[in-house]
Amino acid sequence: MKETFHLARQPSVVKRALKFAVVVGIVLITINHGDAIIKGELTHKRLFQMALTVMVPYIVSTLSSVQAMRDRK
C-alpha cells in the first residue's frame with residue numbers, strides 16, 4: 001500500500017492524471033450538467049457532483065499509471 005501511494009505521488013503520474021481529469025471532466029460536466037450551467041442553476045449539490053465528476057478520471061488515470069509502473073518491474 002505504501003508503494004501505491006508513493007507511485008501515485010510521482011510528479012509524472014500527477015501531471016498526467018491532472019491532464020486527463022481536466023479534459024475528461026470538462027466533457028462529462030458538459031454532458032451531465034451543461035443545461036444547468038447555461039440556465040444558471042448551480043446549487044451546492046450540483047457543484048459537489050461536478051467536483052466528483054473531475055475526481056473520477058483523476059483516480060482512474062492515477063491507478064492505471066501506478067499499475068503500469070508496477071507491471072514494468
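This is a short conversation about how certain words come to be used for a predicted model.

Me: What makes the protein more spread out than a compact globule?

Reply: Start with its secondary structure, which comes to 3 helices and 0 strands. Along the sequence this reads as the pattern α-α-α. The radius of gyration is 15 Å, while the globule rule gives 11 Å for 73 residues, so the protein is more spread out than a compact globule. You can also look at the box filled by the C-alpha atoms, which is roughly 50 × 20 × 15 Å along the principal axes.

Me: How do you know which parts of the chain supply the contacts in the protein?

Reply: Take the contacts with a separation of 6 or more: 73% of them are between residues 24 or more positions apart. One pair to look at is M50 and I26, which are 24 residues apart along the chain, with 9.1 Å between their C-alpha atoms.

Me: Why is the pair R70 and E3 called a salt bridge?

Reply: The term asks for a side-chain nitrogen of Lys or Arg within 4 Å of a carboxyl oxygen of Asp or Glu. Between the side chains of R70 and E3 the N to O distance is 3.6 Å, and that is within the 4 Å limit, so the pair is a salt bridge. R70 belongs to helix α3 (residues 44–72) and E3 to helix α1 (residues 2–8), so the pair, 67 residues apart, links distant parts of the chain.

Me: How many salt bridges does a search of the whole structure find?

Reply: The search finds 1 salt bridge.

Me: Why are R70 and E3 called partly exposed?

Reply: Partly exposed covers the range between the 20% limit for buried and the 50% limit for exposed. R70 has a relative accessible area of 30%, and E3 has 34%. Both values fall in that range, so both residues are called partly exposed.

Me: What makes T62 buried?

Reply: Buried means under 20% relative accessible area. T62 has 8%, so it counts as buried. This residue is found in helix α3. Setting aside residues up to four places away in sequence, T62 touches A8, V13 and A17.

Me: How do you know that T62 and Y58 make a polar contact?

Reply: A polar atom of the T62 side chain lies 2.8 Å from the backbone oxygen of Y58. The cut-off for such a contact is 3.5 Å, and the 2.8 Å distance is within it.

Me: Why is S65 called buried, and S12 partly exposed?

Reply: S65, in helix α3, has a relative accessible area of 10%, so it is buried. S12, in helix α2, is at 42%, so it counts as partly exposed. The two serines are 53 residues apart in sequence, and their C-alpha atoms are 9.4 Å apart in space. S65 also touches V13 and R16, not counting residues up to four places away in sequence.

Me: What makes M50 and A36 buried?

Reply: The limit is again under 20%. M50, placed in helix α3, has 11%, so it is buried. A36, which lies in helix α2, has 2%, so it is buried too. Leaving aside neighbours within four places in sequence, M50 is in contact with I29, H33, I37 and L42. On the same basis, A36 touches E41 and R46. A36 and R46 are 10 residues apart in sequence and 8.8 Å apart from C-alpha to C-alpha. For the protein as a whole, buried residues make up 25% of the 73 residues.

Me: Why can L28 be part of a nonpolar patch on the surface?

Reply: A patch takes residues with over 30% relative accessible area, and Leu is one of its nonpolar side chains. L28 has 31%, so it passes that cut-off. L28 lies in helix α2 (residues 11–39). The patch is formed by F20, V22, V23, V24, I26, V27, L28 and I31, with about 700 Å² of accessible area together. The accessible surface of the protein comes to about 5,600 Å², and 68% of that belongs to carbon and sulfur atoms.

Key. Residues numbered from 1 in each chain as written. Predicted model: local features only at pLDDT ≥ 70, side-chain atom pairs only at ≥ 80, totals over all residues. Heavy atoms only, no water. Helix = DSSP H or I, 4+ residues; strand = E, 2+ residues; numbered from the N terminus. Buried < 20%, exposed > 50% of the residue type's maximum accessible area, 1.4 Å probe, protein only. Polar contact = N/O pair within 3.5 Å; in protein donor to acceptor, adjacent residues only side chain to side chain. Contact = heavy atoms within 4.5 Å. Rg over C-alpha atoms; globule rule 2.2 N^0.38 Å. Areas by Shrake-Rupley, 256 points an atom, 1.4 Å probe, with all protein chains shown as cover. Patch = residues over 30% accessible without salt bridge, like charges linked within 9 Å, V, L, I, M, F, W, Y side chains within 5 Å.
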